[in-house]
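Q: I should like to learn how to read the features of a protein model. Could we go through one together?

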Amino acid sequence: METMRYQENKKGYKGVIFGFCTFVIVGGGLVAFGISQEKKPQVVGSNITSNVETQGLVDVPNSSEETDSTSNITYEVTEKVISDKENTKLKGNITLPQVTINGKLLAEINSEIENEYKNRFESLKTQMKSAENKFTYKVTYNKYENEIGDMKILSLTIYQRVIDDSSKETTTDKVESYNIDLKTGKLVEESDVMLELYGKEYKEKVNKAIEDYVISKGYAKESEISYTVTGLENYYIKESKLHILLNEDEIVDKKYGVLDITIE
């Protein structure tokens, strides 16, 4: 019996393998090229310079773009003089500050100051109609400019005196202050200034400075004095130093007059 031989004719796969390899190589090259050309994603608010990335929530200006906001502030203090000789017993000689910031009159604060001293004068005129001597109600002011932290502060100290015309002696002496942030046109809280200058422990430091001043001057004994800052004191800033003003009878006997205490 003849042995039957079967010959299996296998299909050639060489062409298929070659085509697949070519596809992989060409496709991979295209993907790599595309990736290399794709721009790097940038986080919103980041600046990239010389391959160094700085991230931020907002753009940070270059040093050349930085400006000091306080350097753009211009202000002027002019005088408003009120002279009143209507009352034969009390004449008025009042000079008050009028503040203008960047060409705009600071109407609210100017009016507050003017009304305060005009009303006092009118009240005194009524009280002194029957006085034996003649008196002068005199008001003057000083001004000081300082930068504390990010605040540019204009301090105004206003001096009020009642002077006996015959003896030329001052019978009443009082000093008050207004501290204006020139950036905002608003009055500055005493506590904000103290916090900036002396830190969180400012109350203890200021209390001790006031007590030490009074004791060293001999105005009171250590056992007699105990002061606590209220935040309502009259104060001003001169040459970057805080001054606390304490008027007659506020802390010591009237004979010592107005106390101007520098808090070092």
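**Reading the features of a predicted model**

A: Let us begin with the surroundings of a single residue. Apart from neighbours within four places in sequence, V99 is in contact with E76, V77, K104, L105, L106, N110, L154, L156 and I180. This is a predicted model.

Q: To what larger group of residues does V99 belong?

A: In soluble globular proteins, nonpolar side chains tend to be buried together. Here, the largest nonpolar core has 27 residues, and V99, I113 and Y137 are those with the most contacts inside it. Two or more residues of this core come from each of β3, β4 (90-101), α2, β6 (135-148), β7 (151-164) and β8 (170-181). Another core, of 24 residues, lies apart from it and includes I153, I210, Y227 and I263.

Q: How many helices and strands does the protein chain have, and what share of its residues is buried?

A: The protein chain has four helices and 12 strands. Of its 264 residues, 34% count as buried. Among the contacts in the chain with a separation of 6 or more, 53% are between residues 24 or more positions apart.

Q: How should I read a sheet, and which strands form the open sheet of three strands?

A: Strands of a sheet pair through backbone hydrogen bonds, either parallel or antiparallel. In this model, an open sheet of three strands has the order β10-β11-β12, and the pairing is antiparallel. Its edge strands, β10 (234-238) and β12 (259-263), each pair on one side only. From one strand to the next, the twist averages 30 degrees.

Q: How many bridges join β11 and β12?

A: Strand β11 (residues 241-246) pairs with β12 in the antiparallel sense over five bridges. As one point along this pairing, L245 has D260 in β12 as its bridge partner.

Q: Which helices lie across these strands?

A: Helix α3 (residues 190-198) lies across β10, β11 and β12, and runs at about 140 degrees to β11. Helix α4 (residues 202-216) lies across β11 and β12, and its angle to β12 is about 130 degrees.

Q: Is I261 of strand β12 buried or exposed, and which residues is it in contact with?

A: I261, in strand β12, has a relative accessible area of 0% and is therefore buried, the cut-off being under 20%. Leaving aside neighbours within four places in sequence, I261 is in contact with A209, I210, Y213, L242, H243, I244 and L246. A209 is 52 residues from I261 along the chain, yet their C-alpha atoms are separated by 8.2 Å.

Q: How should I read a salt bridge, and how many are found in the whole structure?

A: Side chains of opposite charge can pair when their charged atoms come close. A search of the whole structure finds nine salt bridges. In one of them, the side chains of K125 and D84 meet at 3.1 Å, N to O. K125 lies in helix α2 (residues 107-127) and D84 in strand β3 (residues 75-84), so this pair ties together parts that are 41 residues apart in sequence. Both K125 and D84 are buried.

Q: What is the sequence separation when both partners lie in one helix, as with E114 and K118 in α2 or K208 and D212 in α4?

A: E114 and K118 are four residues apart in helix α2, about one helical turn. Their side chains form a salt bridge of 3.6 Å, N to O. E114 is buried, with a relative accessible area of 12%, whereas K118, at 35%, is partly exposed. K208 and D212 are likewise four residues apart, in helix α4, and the closest N and O atoms of their salt bridge are 2.8 Å apart. D212 is partly exposed, with a relative accessibility of 38%. Elsewhere, salt bridges that share partners join K80, E114 and K118 into one network.

Q: Where is D164 found, and which side chain does its own side chain meet in a polar contact?

A: D164 is found in strand β7, and its side chain makes a polar contact of 2.6 Å with the side chain of S166. D164 is buried, with a relative accessible area of 10%. Beyond its neighbours within four places in sequence, D164 is in contact with N133, K134, F135, E169 and T171. Of these, K134 is 30 residues from D164 in sequence and 6.4 Å away in space, C-alpha to C-alpha.

How values were computed: Residues numbered from 1 in each chain as written. Predicted model: local features only at pLDDT ≥ 70, side-chain atom pairs only at ≥ 80, totals over all residues. Heavy atoms only, no water. Pairing = 2+ DSSP bridges. Axes fitted to C-alpha atoms, helices over the stretch in contact; angles between N-to-C directions. Contact = heavy atoms within 4.5 Å. Salt bridge = Lys/Arg side-chain N within 4 Å of Asp/Glu carboxyl O. Buried < 20%, exposed > 50% of the residue type's maximum accessible area, 1.4 Å probe, protein only. Core = buried A, V, L, I, M, F, W, Y, C linked by side-chain atoms within 4.5 Å. Polar contact = N/O pair within 3.5 Å; in protein donor to acceptor, adjacent residues only side chain to side chain.
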